[in-house]
Amino acid sequence: MNQAQRRIHEAAMALFAKHGVTSVTISELAEEAGVARGTIYNNIESLDNLFRDICSALAAEMNNTVVELNDGIENPVERLARGIKMYLKRTHEEPVWGRFIVTFALSQKTMRDMWSGPPIIDVLAGMEQDKYGFSNEKLPIAMAMIAGTTCCAMLLVLEGMKTWREAAKDSVEMVLRGLGVKEKEIRKVAEVEV
């Protein structure tokens with residue numbers, strides 16, 4: 001993306017998270033991005049397409065970030081924990097990004113792809129290694145628990161109710177307990193830094 005497109009995407013994330021997808025206008029987007037309306041028209045097809053493009057790009061980018069973060073880590077429980085922590089750290093570092101994810105990660109299909117990448121791969125790998133205490137038929141609810149806990153912890157960070165480190169440690173501990181991970185392993189991976 002060129003500089004104008006990056007500014008448009010960042011402004012759109014903030015506006016979509018604040019006002020919803022259907023309430024944002026080209027004029028508001030141009031003002032928020034600090035560009036002329038013509039620049040908006042020259043760089044996007046429509047606001048709906050822009051929203052879908054942002055969702056797809058964020059989901060793919062976050063999946064790639066988590067994969068890179070966990071390169072060389074063999075333990076799927078540790079990989080899952082590190083992924084959750086990365087979401088919370090990034091929410092602290094980039095609140096607009098975090099607000100967008102919290103607003104749309106559970107309701108938009110394209111955003112839900114974030115949970116079908118590394119998180120489910122790590123859960124399936126952990127199931128194969130008997131690291132989790134639940135059966136295959138409970139996999140959808142296990143993934144919902146991971147996504148819901150992560151998003152709610154992100155909201156706690158955004159609202160200043162927890163630091164990202166506190167939210168990361170607490171949410172990782174609760175998720176891993178819910179998945180049936182042994183207490184000794186929970187304590188070990190809850191302390192891992194990202």
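# Helix packing and aromatic pairs in a predicted model

Tyr87 is buried, with a relative accessibility of 3%. The model in which this value was computed is a predicted one. Tyr87 lies in helix H5, which spans residues 76-93, and its ring takes part in an aromatic pair with Trp97. The geometry of this pair is tilted, with 6.1 Å from centre to centre and 40° between the planes. Trp97 belongs to helix H6, and the two residues, ten apart in sequence, link distant parts of the chain. Trp97 is itself buried, at 1% relative accessibility.

## Aromatic pairs

Across the whole structure, a search finds seven aromatic pairs. One of them joins Phe51 and Phe104 in an edge-to-face arrangement, the centres being 4.9 Å apart and the planes at 75°. Phe51 sits in helix H4 (residues 47-69) and Phe104 in helix H6 (residues 95-104), with these positions 53 residues apart in the numbering, and this pair too is described as linking distant parts of the chain. Phe51 counts as buried because its relative accessibility is 6%, under the 20% limit. Phe104 likewise counts as buried, at 6%. Ring pairs also connect Phe16, Phe51, Phe100 and Phe104 into a cluster.

The two pairs are set out below.

| Pair | Geometry | Centre to centre | Angle between planes |
|---|---|---|---|
| Phe51 and Phe104 | edge-to-face | 4.9 Å | 75° |
| Tyr87 and Trp97 | tilted | 6.1 Å | 40° |

## Packing of H1 against H2

Helix H1 (residues 3-19) packs on helix H2 (residues 26-33) at an angle of about 115°, and the axes are 8 Å apart. The crossing is right-handed. On the H1 side, the contact is made by Arg7, Ile8, Ala11, Ala12, Ala14 and Leu15, which meet Glu28, Leu29, Glu32 and Ala33 of H2. Sorted by class, this contact comprises seven nonpolar and three charged residues, with no polar ones.

## Helix H9 and its surroundings

Helix H9 covers residues 139-158, 20 residues in total. From its first C-alpha to its last it reaches 29 Å, close to the expected 28 Å. Many positions along H9 are buried, including Leu139, Met143, Ile146, Gly148, Cys151, Met154 and Leu158. The buried residues of this helix pack against H5, H6, helix H8 (118-128) and helix H10 (164-179). An α-helix has 3.6 residues a turn, so residues three or four places apart point the same way. After H9 comes Gly160, with a positive phi near 75°.

Another positive phi occurs at Asp130, a residue other than glycine, where the value is near 55°. Most residues other than glycine have a negative phi. Asp130 is placed in the loop between H8 and H9. Is Asp130 buried or exposed? Asp130 is exposed, because its relative accessible area of 62% is over the 50% limit.

## Asn63 in helix H4

Helix H4, which holds Phe51, also contains Asn63. Asn63 is buried, with a relative accessible area of 14%. Which residues does Asn63 contact, leaving aside its neighbours within four places in sequence? The contacts of Asn63 are with Asp113, Met114, Gly117, Pro118 and Pro119.

Key. Residues numbered from 1 in each chain as written. Predicted model: local features only at pLDDT ≥ 70, side-chain atom pairs only at ≥ 80, totals over all residues. Heavy atoms only, no water. Axes fitted to C-alpha atoms, helices over the stretch in contact; angles between N-to-C directions. Helix = DSSP H or I, 4+ residues; strand = E, 2+ residues; numbered from the N terminus. Left-handed = near helix turned anticlockwise from the far one by under 90°. Contact = heavy atoms within 4.5 Å. Nonpolar A, V, L, I, M, F, W, Y, C, P; charged D, E, K, R; others polar. Phe/Tyr/Trp six-rings, centres within 6.5 Å; stacked < 30°, edge-to-face > 60°. Buried < 20%, exposed > 50% of the residue type's maximum accessible area, 1.4 Å probe, protein only. Expected span 1.5 Å × (residues − 1).
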